[in-house]
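I opened this notebook to record what I looked up on charged side-chain pairs and on one further residue. The entries follow in the order in which I took them up.

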Amino acid sequence: MTSILDPFISFVSAHAWLAYLTLFLAALLEAVPVVGSVVPGSTIILALSALVPGGELRLPWVLLAAAFGAVLGDGSAFWIGHRRQREILNTWPLTNYPRVVEESETFFHRFGTWAVFFARFVPPIRAFVPVTAGALGMAPARFYAVNIPAILVWAPAHVLPGVLAVSALHEYAGLPHHEHVGKHIWMFTVVGVAIVMGLAIWTIRRRHGSGVAAAKPRG
């Protein structure tokens, strides 16, 4: 375990800007329709948050990178939908995922404006609701009034658990601060849980014939 992650942690220590760029791109791509359904943005953010307590990364910059990426990603998707209206929902590649588009529309109609807030925490429709909101004519001011507060909650919710968990492992479990054991435990736990949850969701959706796994055959 040490041989796998120690070189990575050392690299991040020497090139922190690449880690911040990775956090930014993870948050941005997670908000892109279709792409966000397969990019493990939340997993990346949760895992890299373990590097904050040891000083490899700085908490304010981690939060800023994640939040800015999410704002840009959600905003870009919204404006594409806003400009093209419902036409975008019937355009490739969204036509390959009709059930997820339908779920996003249903989610939006059910919760209204608050759908933009709640969707931030519900994969995979997180990647579809912003473009759907734009396509269904939601006003930009109303979108950002809900989207930005949602992201300001979402970013700490993905970063702080890793910071607190690693700090607690060192403080209360007796793990030495000069070693990376706490970071290793957190990172492998996050990746393991993400894999298990991903397989569980994929299996459930496959059995019920819905979701991203069930793509529409091309004609």
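Entry 1, the criterion. I counted a pair as a salt bridge when a side-chain nitrogen of Lys or Arg lies within 4 Å of a carboxyl oxygen of Asp or Glu. The model is predicted. With this rule I arrived at 3 salt bridges.

Entry 2, Glu-56 and Lys-183. I looked up this pair and found a salt bridge, with 3.9 Å between the closest N and O atoms. Glu-56 sits in the loop between helix 3 (41-48) and helix 4 (59-84), and Lys-183 belongs to helix 9 (residues 181-208), so the pair ties together parts that are 127 residues apart in sequence. I then asked whether each partner is buried or exposed. Glu-56 has 11% relative accessibility and counts as buried, because the cut-off for buried is under 20%. Lys-183 is buried as well, its relative accessible area being 3%.

Entry 3, Arg-126 and Glu-30. I noted a salt bridge here, the closest N and O atoms lying 3.1 Å apart. Arg-126 is in the loop between helix 6 (114-119) and helix 7 (129-135), while Glu-30 is in helix 2 (residues 16-30), so this pair ties together parts that are 96 residues apart in sequence. I recorded Arg-126 as buried at 7% relative accessibility. For Glu-30 I recorded a relative accessible area of 3%, which is also buried.

Entry 4, Arg-120 and Asp-74. I found that these two side chains meet in a salt bridge, at 3.0 Å from N to O. The pair links distant parts of the chain, with Arg-120 in the loop between helix 6 and helix 7 and Asp-74 in helix 4, 46 residues apart. Arg-120 is buried, at a relative accessible area of 1%. Asp-74, at 2% relative accessibility, counts as buried too.

Entry 5, Ser-49. Where does Ser-49 lie? I placed Ser-49 in the loop between helix 3 and helix 4. Its relative accessibility is 0%, and I therefore entered Ser-49 as buried. Which residues is Ser-49 in contact with, leaving aside its neighbours within four places in sequence? I listed His-158, Val-159, Gly-162, Val-163 and Trp-186.

Entry 6, recap. I close with the loop between helix 3 and helix 4, where I had looked up two residues. Glu-56 lies in this loop, and Ser-49 lies there as well. Glu-56 forms its salt bridge with Lys-183, whereas the contacts of Ser-49 include Trp-186.

How values were computed. Residues numbered from 1 in each chain as written. Predicted model: local features only at pLDDT ≥ 70, side-chain atom pairs only at ≥ 80, totals over all residues. Heavy atoms only, no water. Helix = DSSP H or I, 4+ residues; strand = E, 2+ residues; numbered from the N terminus. Buried < 20%, exposed > 50% of the residue type's maximum accessible area, 1.4 Å probe, protein only. Contact = heavy atoms within 4.5 Å.
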